[in-house]
Every structure is written in structure tokens, then in C-alpha cells.
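Subject: Structure handover

Hello,

Here is the structure you asked to take over. Please open it before you read the notes below.

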Amino acid sequence: MTSADIFWTMVEPTHQFNRIPAVNPPMTTPDKKSMTERDICTKFVVPALEAAGWNIMTQVSEEYFFTDGRITARGKIVKRGERKRADFLLSYKKNIPLAIIEAKDNTFEVGSGMQQGLGYADTLDIPFVFSTNGDGFLFHDRLTKSKPVEKFLTLEAFPSPRELWELYRQHTGITPQAEPIVTFDYYSDGSGRSPRYYQLIAINRTIQAIALGQKRILLVMATGTGKTMTAFQIIWRLWKSGAAKRILFLADRNILVDQTRTNDFKPFGAAMTKITKRTINKAFEIYLSLYQAVSGTEDTQNIYKQFSPDFFDLVVIDECHRGSAADDSNWKEILNYFKNATHIGLTATPKETKDTSNIYYFGEPVYTYSLKQGIEDGFLAPYRVIRIDIDKDLSGWRPEFGKVDKHGELIEDRIYNQKDFDRNLVIDKRTELVARKVTEFLKATNRMDKTIVFCEDIDHAERMRQALVNENADMVQKNSQYVMRITGDSEEGKEALDPFITPSEKYPVIVTTSELMTTGVDAKTCKLIVLDKNIKSMTKFKQIIGRGTRIDEDYGKLFFTIMDFKKATELFADEDFDGPAEMIYEPKGEDPIVPPELTEDGDGTETGEAGPETDDDGFPLDGDRTETDPGDGPEIPGDGDWKDLPPDGKRKRRKYYIGDLEVFVVAERVQYYGPNGNLITESLRDYTRKAVRKEFSTLNVFLQKWTGAAQKLAIIAELQEHGVMLDELAEEVGKDLDPFDLICHVAFDQPPLTRQERANNVKKRNYFAKYGEQARTILDALLDKYADAGIDSIEDLGILRVFPFSKFGTPVEIIKLFGGKDEFLAALQELEAALYAVA
């Protein structure tokens with residue numbers, strides 16, 4: 001007796017089962033033309049990849065999403081757009097993506113996905129692109145300079161990982177010696193998280209450049225996009241692969257070094273140290289330091305010389321747009337001392353002036369990820385701008401003869417304008433007005449929204465703090481730290497910096513500052529940036545705006561507001577804003593008219609003693625950047641005069657204080673960040689009209705597109721991608737209007753019908769007499785649902801699961817009342833056609 005017979009005897013001792021042999025039903029091969037895109041991927045693409053030797057688990061990512069979806073904010077409505085995704089991403093190793101496959105269903109040609117794939121590959125820096133419809137592949141080599149660039153491959157001829165890697169190596173010149181460095185894995189904490197696509201591009205381009213012998217490298221990445229984490233991954237791979245054994249990370253502010261050490265660089269553990277108290281310990285491999293901690297004006301302070309010139313293999317310079325870029329900076333001496341090491345400069349804002357050039361020293365950036373691209377991808381928060389014009393700022397003010405200020409100082413007789421206010425002339429009522437407008441905004445939105453007010457100097461920051469305390473007395477009574485000044489001279493203020501940038505900490509809410517918080521402060525929950533500061537430097541402007549660009553969805557931070565009192569946001573219109581940096585070269589004397597080539601070791605740079613850092617008008621900033629106090633510096637003494645002239649003899653600045661001069665707001669306007677990166681000033685109606693007419697030149701063109709669309713939601717989504725906010729528009733024009741009527745009314749001046757009116761028109765005309773009684777009842781219920789909630793509610797088949805439809809049965813049973821799914825969808829399209837027939 002077999003084991004199977006024993007089993008059957010045990011379970012049924014008194015019965016004999018007639019076991020009929022299983023017969024598999026005849027299999028029919030489905031028509032490829034009827035398959036969905038996902039079927040093509042599963043049944044044809046995946047088997048082709050497996051046959052070619054690709055590991056589906058480790059080398060293939062299906063439906064690879066690489067953006068978060070652009071955030072659009074209008075009024076109180078905040079939405080995310082669609083995330084971009086490739087059908088397949090193929091990687092030689094997890095840190096080396098090689099190819100994209102874009103699939104279409106078999107009703108398309110084999111190359112129909114190529115243009116879409118090439119667009120993705122350009123963004124992702126991918127060398128090879130494949131398009132398929134299940135019949136084969138069209139292969140595009142983005143690196144080749146010879147024919148053919150594209151060729152057809154059968155399903156069986158798909159290249160293996162090694163074949164694609166060898167092709168990539170040949171194109172890029174990666175040598176056998178460089179390959180172990182280029183292919184070394186990035187650090188993983190075990191959570192499964194990986195660098196974002198642009199971070200991986202920055203890491204890989206830098207590693208590859210170094211492996212191929214490049215000695216000076218510049219990375220430009222917008223504030224909030226993870227420059228320090230990117231630097232960590234670069235250092236980690238070079239360190240672990242043995243390409244760099246000792247590394248120096250330089251910054252010019254304590255907060256930058258400390259944040260780096262405790263956050264992104266933490267995995268280095270015991271191999272890492274921070275240079276402090278001017279002592280050198282050569283037992284470590286990763287060194288973090290302030291410039292000021294290892295250098296000085298006296299030779300005895302230049303303790304970096306205790307290291308041999310060849311001690312470090314790699315020097316990473318954070319925020320390299322500041323002092324290290326200037327030829328006459330003593331900080332440059334450090335870089336020249338370690339000239340044989342590889343130098344990597346990190347910045348969000350490369351500095352290009354006649355005296356300072358990042359590009360002249362480092363060369364063209366190996367990669368740039370801009371603020372505009374970060375917002376487009378949904379990794380950075382968009383912004384709206386509130387510009388407020390004050391009468392005296394526009395018209396200026398001239399004192400009457402013999403006018404004295406609050407301290408009895410005779411005010412110089414001249415015209416004072418916006419550039420003077422809070423620098424040379426203080427108008428108390430202007431400060432109070434700014435504080436009042438800031439408070440009005442917070443009261444209208446959320447009084448606990450983190451806010452940074454940028455002021456001209458420490459004196460201005462303190463006066464603004466006082467004015468904000470007076471305007472928010474009720475909140476200050478609840479917590480005295482509701483408003484605080486965070487400047488380099490205030491220990492209490494600097495201690496409040498960590499709580500301010502910590503999302504879980506409520507206080508302080510409003511902080512006033514001058515220079516200390518312009519850079520290096522990771523304020524993820526900052527929702528309001530107030531500019532009461534003259535800013536003419538594009539570098540400084542980008543840094544300040546960067547305080548608000550980080551996103552924190554857990555705390556509801558998806559966009560931020562800039563309140564501008566001094567026309568600083570006019571820099572948004574500057575052609576240099578968010579554009580690629582250009583080298584500025586001014587030949588002197590016998591210098592060649594063409595900029596000299598960059599030499600490998602950076603020769604040709606002059607060094608000397610650095611002067612004090614200055615503001616936009618050449619005044620020294622009110623503070624030094626010492627190791628213990630890297631911020632704004634000491635408060636201006638007395639009435640604000642510069643009592644002690646600097647050695648270079650720069651003129652002193654006198655400040656007058658006026659308490660009896662009235663000011664008022666002349667104009668106030670709101671601007672939004674538009675889909676093309678420009679600020680939109682128009683009203684919501686005007687912008688909608690312009691955006692719709694750009695897509696649909698006439699009413700007839702729109703009507704044809706609307707009536708011909710199988711799903712109206714596709715058109716609505718397309719308009720939203722172009723910044724048209726229909727929900728917000730409905731709040732303004734009419735909540736009970738269909739998107740169709742909103743568009744026709746606002747864009748083409750057509751009289752609108754409400755959803756209820758459209759539904760009633762359909763019911764009057766008895767459109768659905770041909771259907772059975774139950775089917776007609778369901779169509780009537782769909783009309784009622786449309787009248788109540790709009791077109792999007794009835795295009796979602798999930799509506800059939802809820803009341804009142806659920807009382808007719810399951811969705812499958814309801815669809816059967818119409819004869820099947822195709823018949824139900826046809827009835828739904830007929831209903832929509834009837835709704836819009838009057839058009």
C-alpha cells in the first residue's frame with residue numbers, strides 16, 4: 001500500500017473515494033495586443049532580464065520612483081503633483097545605475113517609450129535607455145559618438161550586466177585601477193534607505209573624477225538637498241576603498257562642524273575627531289575643523305603646519321563660497337599648504353566676483369542641483385512672496401533744518417532712503433510697523449509657525465525683538481521665549497538656536513537675527529522668513545532663502561512665505577538667480593586676456609592676510625568669526641558709531657534714531673512660485689485664464705478636448721500640473737461649480753451652470769430610457785452624487801462600494817446590470833456627455 005493510500009484510508013476509513021486524475025484545461029495564449037503595460041512587463045521584460053543574467057532582487061527596480069512630486073500652494077490649498085517614475089531601473093551595483101527600460105502595451109510601437117525614457121535618463125544621468133512593447137527592445141546608447149546610436153534587439157538579445165558595464169567603462173575611460181574605487185558601495189545603515197537620485201549623481205561623478213585623477217572638484221547643491229550627507233558618502237567610499245586614508249573637513253562656523261559630527265558623519269565613530277583648543281592629535285583618520293581653529297594672523301597660530309603637507313589625501317571645504325574662495329584669504333593658505341591633496345568644494349551658491357571665484361580655483365562644477373530643480377522634484381518647499389512697500393522707503397526722507405535725533409545728535413542734511421534705514425537712520429515707527437505686519441500675518445495663519453526676521457545688524461535685531469515682544473504680549477506672557485534674538489554676541493540667543501531648529505520644540509517661535517542664521521542652520525520647520533535687510537549679494541540672498549526651503553511633512557511644513565520689506569526679492573528676477581555660475585575674470589597689467597588654465601596643484605593663486613568680511617556696501621560685518629564665537633560678533637557700542645576704525649581706514653558709520661516720524665504701508669501684494677520658476681503676481685482668476693488659454697487657444701479647442709476625454713480627471717490633473725488650482729478657484733468663484741464651468745467661465749467668459757442645474761437638465765431629458773429600471777436608478781444616483789461632489793466622484797469606480805449604490809449589491813453585481821464592465825463604462829461616458837451637452 002502506498003503512502004497516499006494509507007492517507008486516504010486514515011481520513012475516510014468507511015468510504016472509498018473515486019479519485020479522478022487531475023486534467024489541466026487546455027491553455028490558450030492570450031492576444032498580446034489585449035495585454036496591459038504591466039502584463040508586458042511581467043510576461044516579457046522580466047523573463048528577458050532573467051535570461052540575460054540580471055538579478056531581479058538586487059539589480060532590477062520596477063516602477064522606480066525618483067521624485068516626490070512638485071508641491072503647489074495657493075492660499076490654504078497645498079497639493080503634491082505626480083511623482084516621476086521609470087518602469088525599470090537596472091543597476092550594475094546598487095550605487096551604479098546603468099539603464100532605464102520604458103515599457104508600453106503592445107498597441108504601441110517598440111520605440112514609443114524612447115523619448116520618455118531619454119527624458120528620465122537625462123535627469124537620472126543614466127547612460128543606456130531601452131524601450132519595449134513586448135516584441136523586442138529599442139536600445140539607445142547615450143554615450144556613443146558613432147553610429148548607430150539606436151538599434152533593435154530581440155527579447156533574447158538583451159545585454160547582461162557585465163556587457164553594459166564594459167560598454168560604460170569603454171565610453172568613460174575607467175581603468176582597471178580605478179574600477180574598485182568607482183564601484184565601491186555607499187554606506188548603508190540597514191534601513192534600506194538610499195541616496196536620492198541627485199545625491200547619487202553627485203557622489204558618483206565626484207568619485208569617478210577622483211578615480212580618474214582630477215584634483216579640484218566643485219559640487220553645487222541647493223540648500224536643503226543634503227550636501228553634508230553627500231559629502232559623507234563620498235568620503236566613506238574613498239576612505240573604505242583606500243583611495244583616501246586621511247581626510248580633513250573644513251568649515252567656518254562651529255554649528256556646521258558640530259552638526260556634521262553628530263549627524264551625517266556619525267558612522268565614522270572613533271576614527272573621527274574635531275580639532276579644538278589648537279591641539280593636534282595625529283592618531284585619527286577623519287578630522288573636522290574650523291578654519292579659525294588651525295590658522296591665524298600669527299605664524300604660531302597656524303597649527304595646521306604641524307601636519308606634513310602630504311598628511312591629508314583629501315580636503316573637503318564646506319560652504320566654499322565664503323572666505324576660502326578669495327585669493328587674498330589667509331584661509332586659502334591652508335588649501336595651498338595641502339595642495340597635493342584632492343580638494344572638494346561644497347556650496348549652494350558658488351561665488352563669482354572680480355575678487356573671488358570658486359570656479360577659478362575648483363573648475364566647473366562636476367554637478368549642479370539647483371533650487372528650481374529641487375522645487376520641481378518636490379524635494380524642496382516652494383514659496384510665496386509678500387512684498388510690502390512703506391511710504392518712506394519709496395519716497396525717501398529729508399530732515400528739516402536743525403533736526404536732531406532722540407539723543408540730541410544733529411542729523412546730517414541729506415535725503416535718506418531705504419538703503420539707509422536701520423543702518424544710518426533708525427525710524428522707530430517703521431520698526432513697529434514691520435513688527436505689526438509680521439504679527440498680523442501670524443495671527444491670520446498660525447501664531448506658532450517658526451519665523452526668522454533678518455535685520456541689518458545686531459542693534460536692529462534687538463530693537464525688532466522688542467517691537468515683536470510688544471506686539472505679541474499675550475504669547476510672551478505664556479512663554480518668555482516666544483520671541484528671541486539669536487546673534488553672535490548673545491549667549492542666551494545662541495543657546496536658543498538648537499530648540500528653534502528642533503521640530504519637536506515649540507519655543508522660540510519668532511527669532512530676530514543679523515548674520516548668524518544666514519547659513520548653516522537646518523531650520524526644517526521655518527514657515528516664515530522676514531526680510532527687513534538690504535541684500536544685494538546673490539550669494540547671501542540664496543543662503544537666506546535656503547533657511548525656508550526644507551520640507552517636514554510630519555509638522556505640516558510643505559511651503560513657506562517670504563515677507564519682504566526692502567525689495568530684496570527683486571533678486572528673484574535677476575538672470576543670475578538659480579542659474580549656472582559663470583567665471584568672472586579681470587586681467588590686470590600684463591595678464592593674458594584669456595583666463596589661465598587650472599593647474600593640477602592650483603598654482604597661480606595669491607595668498608595674503610584676509611581683511612574683515614564686509615556687507616554689500618563694504619562696511620565690516622558687525623562681528624568676527626572666532627572659534628568660540630563664529631557668529632555676528634559684539635554689539636555695536638553706544639549709539640552705533642564705529643568708534644575704532646579698522647586698520648584699512650574704512651569710514652565710520654553714524655546711526656541716527658528718530659522716534660516721532662510717522663510711516664505707513666503704501667502697497668501690499670502676494671506672489672506665488674509658478675510652475676516655470678517665476679513669481680506669479682496675477683490674481684487667481686487672471687492666472688487661471690492665462691494658463692488655460694495657453695493650453696487651449698479657444699473655447700472650441702477646450703470643448704473638443706473635454707468631450708473627447710475618456711476621463712475628465714486627466715484634463716483636471718494636466719491643468720493642476722500647470723499651476724491651475726481649481727479648488728481654490730471654486731472658493732473664490734463658486735463652490736457648487738463643476739471644473740468644466742469654472743474653466744469656461746473664468747477662461748472663456750461663458751455663463752456657468754451649477755452642478756445641480758446640469759444634473760437636473762439631464763433628468764428632464766430622459767436620456768436613459770433604454771436602460772432597465774435598476775440601471776436607471778443607479779444612473780440617477782450617479783447624477784445626484786455628481787451634483788453633490790463633482791465629476792471626480794463618479795469617475796472613481798470605488799463609488800459603487802458606498803451608499804446608496806451598495807444597496808444594489810456589490811460593484812460586480814451593479815456592473816452586471818449594464819451587461820458588463822465595458823457597457824457600464826459606456827453608460828458612464830454617455831452620462832458625462834449628457835451633462836455637458838448644453839455646452
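The notes below follow one strand, β6, and then its surroundings. Keep in mind that this is a predicted model.

Strand β6 covers residues 128-132, and 5 of its 5 residues are buried. This holds on both faces: Phe128, Phe130 and Thr132 are on one side, with Val129 and Ser131 on the other.

Strands in a sheet pair through backbone hydrogen bonds, in either a parallel or an antiparallel way. Both kinds occur around β6. With β5 (residues 96-103) the pairing is parallel, over 5 bridges; glutamate 102 has serine 131 of β6 as its bridge partner. With β7 (residues 137-141) the pairing is antiparallel, again through 5 bridges. On that side, serine 131 is bridged to leucine 138, and phenylalanine 128 to aspartate 141.

The connections are as follows. Helix α3 (residues 114-124) forms a right-handed β-α-β unit together with β5 and β6. β6 and β7 form a hairpin with 4 residues between them, and glycine 134 in the turn has a positive phi of about 100°.

The strands belong to an open, mixed sheet of 6, in the order β1-β4-β5-β6-β7-β8. Its edges are β1 (60-65) and β8 (150-153), each paired on one side only. On average, neighbouring strands are turned by 30° against each other, direction ignored.

Two helices remain to be placed. α3 packs on the sheet and touches β1, β4, β5, β6, β7 and β8, with its direction at about 160° to that of β5. Helix α2 (residues 37-51) lies across β1, β4, β5, β6 and β7, and runs at about 15° to β4.

Regards

Note on methods:
Residues are numbered from 1 along each chain as its sequence is written. This is a predicted model: local features need pLDDT of at least 70, side-chain atom pairs count only at pLDDT 80 or more; totals for chains, interfaces and linings use all residues. Side-chain values use heavy atoms; hydrogens and water are left out. Buried means under 20% relative accessible area, exposed over 50%, partly exposed in between (1.4 Å probe, protein chains only). Two strands pair if DSSP finds at least two bridges between them. A crossover is right-handed if, with the strands pointing away from the viewer, the path from the first strand over the helix to the second runs clockwise. Axes are lines fitted to C-alpha atoms, for helices over the stretch in contact, and angles run from 0 to 180 degrees between N-to-C directions. Contact means heavy atoms within 4.5 Å.
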